[in-house]
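Hi there,

As promised, here is the structure to open on your side. Have a look at it first, and then read on for what turned up.

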Amino acid sequence: QMMLFGKVSQQLCGLKKLPRSCDSRYFWSWLNAVFNKVDYERIRDVGPDRAASEWLLRCGAMVRYHGQERWQKDYNHLPTGPLDKYKIQAIDATDSCIMSIGFDHMETSNICC
């Protein structure tokens with residue numbers, strides 16, 4: 001998937017109609033900003049921990065829930081069940097694209113200690 005986005009950004013930046021300043025860094029910055037955008041309706045609909053988990057996983061981080069030893073790495077395999085059952089205990093954001101604009105996800109989350 002990452003290779004596909006790289007090829008697309010190279011093709012877009014190679015078009016003569018786009019400004020010369022267009023490069024893959026701009027594309028990735030834009031894409032990261034999209035991934036980090038806070039959706040307050042989603043927080044309201046699914047709860048703060050679920051919404052924060054979705055944000056973290058979408059950005060390439062890992063999440064561990066209270067009472068579980070396994071790290072959640074795959075957005076498509078988020079646990080199902082009651083929304084208040086899975087509380088975030090730990091986050092590994094190594095090599096993720098988390099940006100400060102997404103930190104409002106954490107403001108409403110109740111991370112356990």
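**What was found**

The accessible surface of the protein comes to about 8,000 Å², with carbon and sulfur atoms accounting for 55% of that area. Please keep in mind that this is a predicted model.

**Overall layout**

The protein has five helices and two strands. Read from the N terminus, the elements follow the order α-α-α-α-β-β-α. Of the 113 residues in the protein, 27% are buried. If you take the contacts between residues at least 6 apart in sequence, 54% of them join residues at least 24 apart.

**A nonpolar patch**

On the surface, Y26, W30 and V34 make a nonpolar patch of about 350 Å². W30 belongs to helix α2, which covers residues 24-36. With a relative accessible area of 46%, W30 counts as partly exposed.

**Aromatic pairs**

The count of aromatic pairs comes to two. In one of them, W55 and F103 meet edge-to-face, with 6.5 Å from centre to centre and 80 degrees between the planes. W55 sits in helix α4 (residues 48-58) and F103 in the loop between β2 (88-92) and α5 (104-108), so this pair ties together parts that are 48 residues apart in sequence. W55 is buried, at a relative accessible area of 1%, whereas F103 is partly exposed at 47%.

The rings of Y65 and Y86 also form a pair: their centres are 5.5 Å apart and their planes stand at 65 degrees, so the pair is edge-to-face. This pair links distant parts of the chain, since Y65 is in strand β1 (residues 62-65) and Y86 is in the loop between β1 and β2, 21 residues apart. Both Y65 and Y86 are buried.

**Salt bridges**

Side chains of opposite charge can pair when their charged atoms come close. How many salt bridges does the structure hold? There are four, and here are some of them.

E54 forms a salt bridge with R42, and the closest N and O atoms are 2.6 Å apart. Because E54 lies in helix α4 and R42 in helix α3 (residues 40-46), the pair ties together parts that are twelve residues apart in sequence. Is E54 buried or exposed? E54 is buried, because its relative accessible area is 3% and buried means under 20%. Its partner R42 is partly exposed, with a relative accessible area of 33%.

E54 has a salt bridge with R50 as well, where the closest N and O atoms are 2.9 Å apart. R50 and E54 both lie in helix α4, four residues apart, which is about one turn of the helix. R50 is partly exposed, at a relative accessible area of 24%. Together, R42, R50 and E54 are linked in a network of salt bridges.

Another salt bridge joins the side chains of D49 and K87, at 3.8 Å from N to O. This pair, too, links distant parts of the chain: D49 is in helix α4 and K87 in the loop between β1 and β2, 38 residues apart. D49 counts as buried, at 3% relative accessibility, while K87 is partly exposed with a relative accessible area of 25%.

Happy browsing, and best wishes!

Note on methods: Residues are numbered from 1 along each chain as its sequence is written. This is a predicted model: local features need pLDDT of at least 70, side-chain atom pairs count only at pLDDT 80 or more; totals for chains, interfaces and linings use all residues. Side-chain values use heavy atoms; hydrogens and water are left out. Patches are made of residues with over 30% relative accessible area and no salt bridge: like charges are joined within 9 Å, nonpolar side chains (Val, Leu, Ile, Met, Phe, Trp, Tyr) within 5 Å. Accessible areas come from the Shrake-Rupley method with a 1.4 Å probe; for residues, only the protein chains shown count as cover. Buried means under 20% relative accessible area, exposed over 50%, partly exposed in between (1.4 Å probe, protein chains only). Contact means heavy atoms within 4.5 Å. Rings of Phe, Tyr and Trp (its six-membered ring) pair if their centres lie within 6.5 Å; planes under 30 degrees apart count as stacked, over 60 as edge-to-face and the rest as tilted.
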